[in-house]
Amino acid sequence: MKAEDIDKKFDSGEDVLEYFDTDNPLRPNLEAKRVNIDFPAWVVNALDKEANAIGISRQALIKTWIVDRIRHP
């Protein structure tokens, strides 16, 4: 079935989940890859302080900052 046909069914209120593999969804270019980075202690402390101030984890803060920098050079 073409994407157009699925869009039409969805727009008309029909259930289209049968056309998707919800057990094994694919996320192209979004597969996680582990990266290890060593920072000086003062950088880690500053990251933790900032992350705590806005209520997120250190990892989430680093990811957010890096993605923001890449998308908005």
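These exercises work through a predicted model, each with a stepwise solution.

**Exercise 1. Salt bridges**

Task: Find how many salt bridges the structure holds, and name the partners in each.

Solution:
- Step 1. Start with the total: the structure holds 2 salt bridges.
- Step 2. Take Glu14. Its side chain meets that of Lys9 in a salt bridge, at 3.6 Å from N to O.
- Step 3. Check the cut-off. A salt bridge needs the nitrogen within 4 Å of the carboxyl oxygen. The Glu14 and Lys9 pair, at 3.6 Å, is a salt bridge.
- Step 4. Now take Arg58. Its side chain forms a salt bridge with the side chain of Asp48, at 2.6 Å from N to O.
- Step 5. Place this pair. Arg58 sits in helix α3 (residues 58-71) and Asp48 in helix α2, so the pair, 10 residues apart, links distant parts of the chain.

**Exercise 2. Exposure of the salt-bridge partners**

Task: Are Lys9, Glu14, Asp48 and Arg58 buried, partly exposed or exposed?

Solution:
- Step 1. Recall the limits. Buried means under 20% relative accessible area, exposed means over 50%, and partly exposed lies in between.
- Step 2. Lys9 has 23% relative accessibility, so Lys9 counts as partly exposed.
- Step 3. Glu14 has a relative accessible area of 40%, so Glu14 is partly exposed.
- Step 4. Asp48 is partly exposed because its relative accessible area is 23%.
- Step 5. Arg58 is partly exposed because its relative accessibility is 37%.

**Exercise 3. The surroundings of Glu14**

Task: Say where Glu14 is placed, and which side chain it touches in a polar contact.

Solution:
- Step 1. Locate Glu14. Its place is in the loop between α1 and α2 (41-54).
- Step 2. Look for polar contacts. The side chain of Glu14 makes one with the side chain of Ser12, at 3.4 Å.
- Step 3. Add the salt bridge. The side chain of Glu14 also meets that of Lys9.
- Step 4. Look along the chain. Lys49 is 35 residues from Glu14, and their C-alpha atoms are separated by 48 Å.

**Exercise 4. Two surface patches**

Task: Which residues form the negative surface patch, and which make the nonpolar one?

Solution:
- Step 1. List the negative patch: Glu4, Asp5, Asp7 and Asp11.
- Step 2. Place one member. Glu4 is found in helix α1 (residues 3-11).
- Step 3. Test Glu4. Its relative accessibility is 55%, so Glu4 counts as exposed.
- Step 4. List the nonpolar patch: Met1, Leu17, Tyr19 and Phe20 make up about 430 Å².
- Step 5. Place one member here too. Tyr19 lies in the loop between α1 and α2.
- Step 6. Test Tyr19. At 32% relative accessibility, Tyr19 counts as partly exposed. A patch residue needs over 30% relative accessible area. Tyr19 is in the nonpolar patch.

**Exercise 5. Two loop residues**

Task: Where do Asn29 and Asp38 lie, and are they buried or exposed?

Solution:
- Step 1. Place Asn29. It is in the loop between α1 and α2.
- Step 2. Place Asp38. It is found in the loop between α1 and α2.
- Step 3. Judge Asn29. Its relative accessible area is 75%, so Asn29 is exposed.
- Step 4. Judge Asp38. Its relative accessible area is 78%, so Asp38 is exposed.
- Step 5. Check the backbone. Phi of Asn29 is near 60 degrees, a positive value in a residue other than glycine.
- Step 6. Check a distance. The C-alpha atoms of Asp38 and Asn24 are separated by 34 Å, and these residues are 14 residues apart along the chain.

Technical notes
Residues numbered from 1 in each chain as written. Predicted model: local features only at pLDDT ≥ 70, side-chain atom pairs only at ≥ 80, totals over all residues. Heavy atoms only, no water. Patch = residues over 30% accessible without salt bridge, like charges linked within 9 Å, V, L, I, M, F, W, Y side chains within 5 Å. Areas by Shrake-Rupley, 256 points an atom, 1.4 Å probe, with all protein chains shown as cover. Lys, Arg positive; Asp, Glu negative; His and termini not counted. Charge placed at Lys NZ, Arg CZ, Asp CG, Glu CD. Helix = DSSP H or I, 4+ residues; strand = E, 2+ residues; numbered from the N terminus. Buried < 20%, exposed > 50% of the residue type's maximum accessible area, 1.4 Å probe, protein only. Polar contact = N/O pair within 3.5 Å; in protein donor to acceptor, adjacent residues only side chain to side chain.
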